[in-house]
Structures are given as structure tokens and as C-alpha cells.
Amino acid sequence: MARSGKDPDRRVKTAKKRTASQVRWLERQLNDPYVKQAKADGYRSRAAYKMIELDDRFSLIKRARRVVDLGIAPGGWSQVVRAKSPKAVVVGIDLLPTEPIEGVTIFEMDFMDDAAPAALEEALGGAPDLVLSDMAANTVGHKQTDHLRTMALVEAGAWFATETLEKGGAFVAKVLAGGTDTELLNLLKKHFTSVKHAKPPASRKGSSEWYVVAQGFKGREN
């Protein structure tokens with residue numbers, strides 16, 4: 001896709017009820033070529049291009065038959081999966097409401113709920129070969145606390161992957177600056193033949209997000 005620079009004419013006037021940070025966010029959205037392209041291509045968010053770029057690099061989706069999308073809202077990743085692998089069974093979960101996506105089963109519930117993993121597995125009808133996690137905790141403004149809360153979700157997603165994946169499957173998750181914590185990295189290296197970090201071009205340069213891509217699930221120990 002074309003990546004044009006900012007449009008100097010797109011400015012957001014400060015309203016009485018709009019803070020300076022909100023104005024900056026709106027200006028960034030208006031001038032973001034990925035946001036514009038997402039609207040043109042029918043994707044729900046610019047995050048769709050992160051998945052497209054990760055798939056271009058790691059070939060994640062083409063052979064996927066059963067896919068779990070953790071933190072699915074607003075649905076951009078699942079849209080990409082459906083476009084690239086139309087026959088795949090896709091199941092997503094999020095605390096936030098998500099508009100229906102054709103061919104995708106969506107649960108509006110907390111992934112940390114004890115009942116969530118079983119619900120996802122039942123809806124899949126078999127072991128997943130791709131588990132995607134774009135989950136992030138609501139920020140409280142304290143960097144260390146926000147990091148720990150988000151990494152706890154990533155770790156929960158990783159454990160779900162290692163307990164459910166088909167042999168040879170893959171796990172992809174959003175992590176924060178600094179990459180994957182040592183304990184989690186060791187878990188992934190134990191269960192997958194390849195573990196790499198990536199920052200797709202669609203991820204804003206100023207963003208602290210990275211992605212960990214674990215491929216070649218070794219299978220569960222007997």
C-alpha cells in the first residue's frame with residue numbers, strides 16, 4: 001500500500017471538551033495512511049495491516065484450518081484470516097463488543113474467565129493450528145504496572161496455546177517494549193522450534209508494541 005506523508009491541511013480544532021492529547025490522537029488518525037487504507041479496503045482497523053505484514057513474513061495463515069483470535073475487537077485480524085483462508089474455522093473472544101464477522105464465532109467475555117478456554121475449544125471443533133493474541137490490559141498510566149498487566153494476558157494466551165495447539169501450530173502475540181519476558185520466552189522456546197520478535201511496518205514507530213511469533217509447536221508432553 002502507498003504510505004504517503006501527513007496531509008498538512010488535516011488539522012483538528014481544539015473543542016471545549018477535547019483535551020490536547022485527544023486532539024493529537026485525532027490528528028494522527030486523520031493523517032494516518034493505514035487508517036485511510038483500512039477504510040478503503042473495508043477493514044475495521046489499521047491493525048489488519050499488521051497481520052497482513054506478519055503473514056507476509058512468516059506465512060501464518062494460508063494453511064490454517066482452525067484459528068483463535070484472542071482480543072478480537074474490533075475484528076481486523078479475523079477479517080484478514082477470513083480473506084486469506086476462507087475455509088478456516090475462526091473463533092474470537094473479547095471483553096468489548098464486536099460487530100459480527102461472517103464465518104467467525106465471537107464470544108463477548110473475559111478470556112481470563114475460567115469458562116473461556118473450554119468455550120473456545122468447543123466452538124473450534126478441534127485443536128487450533130494458529131492462536132493469535134492482540135490482547136492488552138487497560139492502562140492505568142503507570143508504565144511498569146501497565147507492562148505487567150499486559151504481559152500477564154500474553155502469558156495466559158501462551159499457556160492456552162501450548163495446551164491446545166495442533167502439533168506444528170503457531171502462536172502470535174502483541175508484547176510491549178523490551179520484548180517477551182524471560183520466563184515467557186523460555187516457555188515458548190521450550191514448546192516451539194522457532195521464536196522471533198517482529199515490528200511490522202504498520203505498527204507506529206512511536207508505539208511500544210512488538211509481536212512475538214512462535215512457530216513449529218512441538219506437541220504436548222505425554
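**Helix packing, a cavity and local backbone features**

In this predicted model, helix α3, which spans residues 47-58, packs against helix α4, which spans residues 76-84, at an angle of about 45°, and the axes of the two helices lie 7 Å apart. Angles from 35 up to 65 degrees fall outside the ranges counted as roughly parallel or roughly perpendicular, and α3 and α4 are therefore oblique to each other. The crossing that α3 and α4 form is right-handed. On the side of α3, the contact is made by Ala47, Ala48, Met51, Ile52, Asp55 and Asp56, while α4 contributes Gly76, Trp77, Val80 and Lys84. Sorted by class, the residues in this contact of α3 with α4 comprise six that are nonpolar, one that is polar and three that are charged.

A second pair of helices is formed by α6, residues 143-164, and α7, residues 182-191, whose axes come within 11 Å and cross at roughly 15°. Since angles under 35 degrees count as roughly parallel, α6 and α7 are therefore described as roughly parallel to each other. The crossing in which α6 passes α7 is left-handed. Here the contact involves Met151, Val154, Glu155, Ala158, Trp159 and Thr162 from α6, together with Glu183, Leu184, Leu187, Leu188 and His191 from α7. In terms of residue class, the contact of α6 with α7 has seven nonpolar residues, accompanied by two polar and two charged ones.

Empty space inside the model was also examined. When the whole structure is searched, one cavity of 30 Å³ or more is found, and the volume of the largest cavity is about 50 Å³. The lining of the largest cavity consists of Ser45, Ala47, Asp69, Gly71, Ile72, Ala73, Pro74, Gly75, Gly76, Trp77 and Asp134, and these lining residues divide into five nonpolar, four polar and two charged. Among them, Ala47, Gly76 and Trp77 also take part in the contact between α3 and α4.

Two features of the backbone complete the description. The peptide bond that leads from Ala73 to Pro74 is cis, with omega near 0°, and Pro74 is placed in the loop between β1 (66-70) and α4. Both Ala73 and Pro74 belong to the lining of the largest cavity. In another loop, the one between α3 and β1, lies Ser59, a residue other than glycine whose phi nevertheless takes a positive value, near 50°.

Notes
Residues numbered from 1 in each chain as written. Predicted model: local features only at pLDDT ≥ 70, side-chain atom pairs only at ≥ 80, totals over all residues. Heavy atoms only, no water. Axes fitted to C-alpha atoms, helices over the stretch in contact; angles between N-to-C directions. Helix = DSSP H or I, 4+ residues; strand = E, 2+ residues; numbered from the N terminus. Parallel < 35°, antiparallel > 145°, perpendicular 65-115°, else oblique. Left-handed = near helix turned anticlockwise from the far one by under 90°. Contact = heavy atoms within 4.5 Å. Nonpolar A, V, L, I, M, F, W, Y, C, P; charged D, E, K, R; others polar. 1 Å grid on protein atoms, 1.4 Å probe; cavity = no way out; pocket = protein on both sides within 12 Å on 5 of 7 lines; lining within 4 Å. Points joined across faces, edges and corners; volume = space filled by probe spheres on them.
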